[in-house]
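Here is a friendly look at how some helices pack in one model. Please have a look at the structure first.

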Amino acid sequence: MKKLNIILTGATGMVGEGVLLECFSNPLVESVLVIGRKPCGHSHPKLKEIIHADLSDLTAIENQVSGYNACLFCAGVTSIGKKEDEYTKLTHTLTLGFAKTLAKVNPDMSFCYVSGKSTDSTEKGKVMWARVKGKTENDLGKLFKAEYNFRPGMMKPTEGQKHVLSGYKYVGWLYPVVRILTPNAACTLKEVGQAMIHVCSKGYVKQTLEVNDIVAAAKG
């Protein structure tokens, strides 16, 4: 299993922070470069940060993102209240702009994208966010030899996280029930982070990882 030097986005969100904590504790990870619009609020010997306003354009920091062999793209926005053109700009356009620079300077890197359960790979379904996520997955797959789409369902935060969705305190108690009754609909952020690290280190048999794949990959 190869050692990893990782670029990570979304560290000020619940998913990204949970994945970041796994990077800190996993011996396969040698370093983590967090790129975001504001500080992530963590410090660690492995951690380096670049504050960058526009994630869709890395031209100004292109020389600082070379030499990495993995990217864990955890940044994302909700589709609630957004029209398709706005959501497409904040999801597809931003992600592909970020990824194109990395593919240029690190063509052999592994790229993990946090998508969503029920994402529409056909890009033709009735659900707007699912179509946009599906197109994003498909276009990322054209940029990297090793590109993986993570489709988690309900996720349990890691103890000690600073950035947890406010609504989770009202529904978090449901997690163990969901995990028991519908195990393919729920996993922990610890499992998401571990799975990403293992997939980047040694690969996986599928390009798209549903919840059961995430749980399996987390075990190494």
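What follows is a short report on two helix pairs.

This is a predicted model, in which local features need pLDDT of at least 70, side-chain atom pairs count only at pLDDT 80 or more, and totals for chains, interfaces and linings use all residues. Residues are numbered from 1 along each chain as its sequence is written, and side-chain values use heavy atoms, with hydrogens and water left out.

Two packed helices are described by the angle between their axes and the distance between the axes.

| Helix pair | Angle | Axis distance |
|---|---|---|
| α6 (residues 189–202) and α7 (residues 211–218) | roughly 70° | within 7 Å |
| α1 (residues 14–25) and α6 | about 60° | 8 Å |

Let us take α6 and α7 first. Their axes come within 7 Å and cross at roughly 70°, which makes α6 roughly perpendicular to α7 (65 to 115 degrees). The crossing is left-handed. On the α6 side, the contact (heavy atoms within 4.5 Å) is made by Glu191, Val192, Gln194, Ala195, His198 and Val199, and α7 brings Ile214, Val215, Ala217 and Ala218. By class, this contact of α6 with α7 has seven nonpolar, two polar and one charged residues.

Now to α1 and α6. These helices pack at about 60° with axes 8 Å apart, so α1 is oblique to α6 (outside the ranges under 35, 65 to 115 and over 145 degrees). Here α1 passes α6 in a right-handed crossing. Met14, Val15, Gly18, Val19, Glu22 and Cys23 of α1 meet α6 residues including Leu189, Lys190 and Val192. The contact of α1 with α6 counts eight nonpolar, three polar and two charged residues.

Technical notes:
Axes are lines fitted to C-alpha atoms, for helices over the stretch in contact, and angles run from 0 to 180 degrees between N-to-C directions. Helices (H or I, at least four residues) and strands (E, at least two) are DSSP runs, numbered from the N terminus. A crossing is left-handed if the near helix is turned anticlockwise from the far one by less than a right angle, and right-handed if clockwise. Ala, Val, Leu, Ile, Met, Phe, Trp, Tyr, Cys and Pro count as nonpolar, Asp, Glu, Lys and Arg as charged, and the others, Gly among them, as polar.
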